[in-house]
Amino acid sequence: MVTQFDRGQKSQLSAITQGTDLYIGIQINAPGTSWDISCFGLDAADRLSDDRYFVFFNQPKSPEGSIQQLGAQSGDTESFRLTLDAVPASIHKLSFCAALDGTGNASSIASGYFRIVVGGQEVMRYSFSGADFTAERAVIIGDVYRKGVWRVAANGQGFAGGLAELIRSFGGEVADEAPPAPPPAAPGFAPPPPAPAPAPGFAPPPPSPSQAKPPMPPAVPPAPPVPQAPPAPAYGQPAAPGYGQPAPGHAPGGPGFAQPPAPHQPPAPHQPPAGPGYGQPAAAPAAAGYPAPYPMAEPLPSQVQPVPPGAMNSLSPYREAQATGRWSAQNGKMVKVTLGPEALALRGSMVAYQGNVDFDYKSGGIRGLIEEKLTGQGLKLMTCRGQGEVFLAQDAADLHIVELAQGQSLCVNTKNVLAMDATIRSEVKRIESPGIPGGGFFHFELAGPGAIVVMTKGTPMTLGVQGPTFADMNALVAWTTGMRVSVNTQVRVSRQIYHGATNAETFALQFMGFAGHFVVVQPYEV
């Protein structure tokens, strides 16, 4: 008797058959398209934690042979043999998927089915068609999974990406094939193209050799007579009048004031006049009818008056930043909180405060102590209350103020939290994975309303999640809630060769979300 399943239907396998040696047959009838059908052996967290249990065209069986790909037979596009008694305990689900190889989408499927045969007798069938899908390029067809006992499910879930994206969604890593090198250009018979003309310039083009003539030496004009200038005055003395000119305030014809007439001597070439004596006023410009004195030289460095000494004159660029709002950044590494409502901060992060402020130990209670012991995620906080301003910093880390409205939440690594409003609610969350020491990755989920001060080592990067996004667990700072988050392992797939690969980056988190989601990473691994 064949049990017909509908999309999404689940049942214990024992209600269908008592056998554990199963034949899985999958048919996809979609003219003009090609489909790759594979089986993913997943762990308890629905992750491909061991790439040896990804059974597909380049790896047709699992290590112990409990999962085997048999190929097309008996009208089935692809078939598998499952020996459930030999499946390792670490494998909790066998998920059968199909992905397009080439153009097209799942809506082109005319008909298809997923069936189980035991001892030559078909015991279960799930039928589907392209009417169940739209533009998806992969389909998660059916599952045989272990939840206390073995069970079967008609999944029928479409997936937007192809095989590579499907692998990544299960936590695997794909190394795509390198594109082939372009073929060399075929030789031609035409002559090579002419060299490009030189770019236009501002200089005239050079003459041709036949037109070139030896340059004529330019005519040298007669040198003009050297103008006569008066000699430089002595320090602190008025400038002497020019030769043959009357001195200011005296009758013409006489020599300089109380001085014998000086013989005429031309000044040394390019010799600047001497400046006024220290503390003496500069010479006034000559009146009309008298020769103008030489221009004044630039003052010497020793004559420039320094900035008046004083600590505030030197440190004024670092004054307190007067800003409105409860939380304000003083610089990239210090924030100020204006009290009224209480604030929470890491113990030891206060660097200064003004006003009547009390600091009390913030206890998480019995539940907080237990969570910290079990998860390692705990905050040693102090409560800041009173009237005044508190300045906070920690190890010269870069600080960022994040505002959360009512109903908004953010996942943050506790090592990156400096302070927050007392209205912020926090909860420890866990991302499970048997591959991580301790069985999972713990973090804080913080919910508004209120503000959070997040610390980073260096300038962080906010990366929008558009498709599968991966982040090193030790460099991860924060991410938006509501995304599918899992621990990534490594799988490499190629049509020519399949091999497992190891990497120095052992663990990474994979994020799957829609527009508006993001992750924040820092250029430093804690």
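This passage describes the secondary structure, sheets, nonpolar cores and aromatic contacts of a predicted model.

The protein chain comprises 526 residues, of which 37% count as buried. Its secondary structure consists of three helices and 29 strands. Among contacts between residues at least 6 apart in sequence, 72% join residues at least 24 apart.

Two of the sheets are considered in turn. An open sheet of six strands is arranged in the order β2-β12-β11-β8-β4-β5, and its pairing is antiparallel. The edges are occupied by β2 (10–12) and β5 (54–55); each has a single partner strand, so one side of each is left without a neighbour in the sheet. Within this arrangement, β8 and β11 run antiparallel and are joined by seven bridges. F96 stands opposite G142 of β11. An open sheet of three strands follows the order β25-β28-β27, again with antiparallel pairing. Its edge strands, β25 (469–472) and β27 (484–488), each pair on one side only. On average, neighbouring strands of this sheet are turned by 30° against each other, direction ignored. The antiparallel pairing of β25 with β28 (residues 508–512) extends over four bridges, and the bridge partner of T469 in β28 is F511.

In soluble globular proteins, nonpolar side chains tend to be buried together. In the present model, the largest nonpolar core contains 39 residues, and those with the most contacts inside it are I28, F96, F114 and I116. At least two residues of this core are supplied by each of β3 (21–29), β4 (35–42), β7 (78–83), β8 (93–100), β9 (111–118), β10 (121–128), β11 (138–147) and β12 (149–159). A second, separate core is made up of 36 residues, including L339, L404, V417 and L446.

Two buried residues illustrate the local packing. I109 is located in the loop between β8 and β9. Its relative accessibility is 5%, and I109 therefore counts as buried, the limit being under 20%. Apart from neighbours within four places in sequence, I109 is in contact with I28, N29, A30, W35, F128, S129 and G130. For the pair I109 and G130, a sequence separation of 21 residues corresponds to a C-alpha to C-alpha distance of 4.4 Å. L399 belongs to strand β18 (residues 398–404) and is likewise buried, with a relative accessible area of 9%. When neighbours within four places in sequence are set aside, the contacts of L399 are G332, K333, M334, V335, L392, A393, L418, V453, V454 and M455. L399 and L418 are separated by 19 residues in sequence and by 8.3 Å in space, C-alpha to C-alpha.

A pair of aromatic rings is described by the distance of the centres and the angle of the planes. A search of the whole structure yields nine aromatic pairs. In one of these, the ring centres of F40 and F170 are 4.8 Å apart and the planes are inclined at 40°; the pair is therefore tilted, as the angle falls between the limits of 30 and 60 degrees. This pair links distant parts of the chain, with F40 in strand β4 and F170 in the loop between α1 (163–169) and α2 (311–315), 130 residues apart. F40 is buried, its relative accessible area being 0%, and F170 also counts as buried at 6% relative accessibility. The rings of Y126 and F128 have centres 5.6 Å apart and planes at 35°, so this pair is tilted as well. Y126 is buried with a relative accessible area of 1%, while F128 counts as buried at 6% relative accessibility. F128 also appears among the contacts of I109. F40 and F170 further belong to one aromatic cluster, together with F54, F56 and F57.

Charged groups are also placed over aromatic rings. The charged end of R125 sits over the ring of Y113, 4.1 Å from the ring centre. K457 lies over the face of Y524, with a distance of 5.9 Å to the centre of the ring.

Note on methods
Residues numbered from 1 in each chain as written. Predicted model: local features only at pLDDT ≥ 70, side-chain atom pairs only at ≥ 80, totals over all residues. Heavy atoms only, no water. Core = buried A, V, L, I, M, F, W, Y, C linked by side-chain atoms within 4.5 Å. Buried < 20%, exposed > 50% of the residue type's maximum accessible area, 1.4 Å probe, protein only. Pairing = 2+ DSSP bridges. Axes fitted to C-alpha atoms, helices over the stretch in contact; angles between N-to-C directions. Phe/Tyr/Trp six-rings, centres within 6.5 Å; stacked < 30°, edge-to-face > 60°. Lys NZ or Arg CZ within 6 Å of the ring centre and 35° of its normal. Contact = heavy atoms within 4.5 Å.
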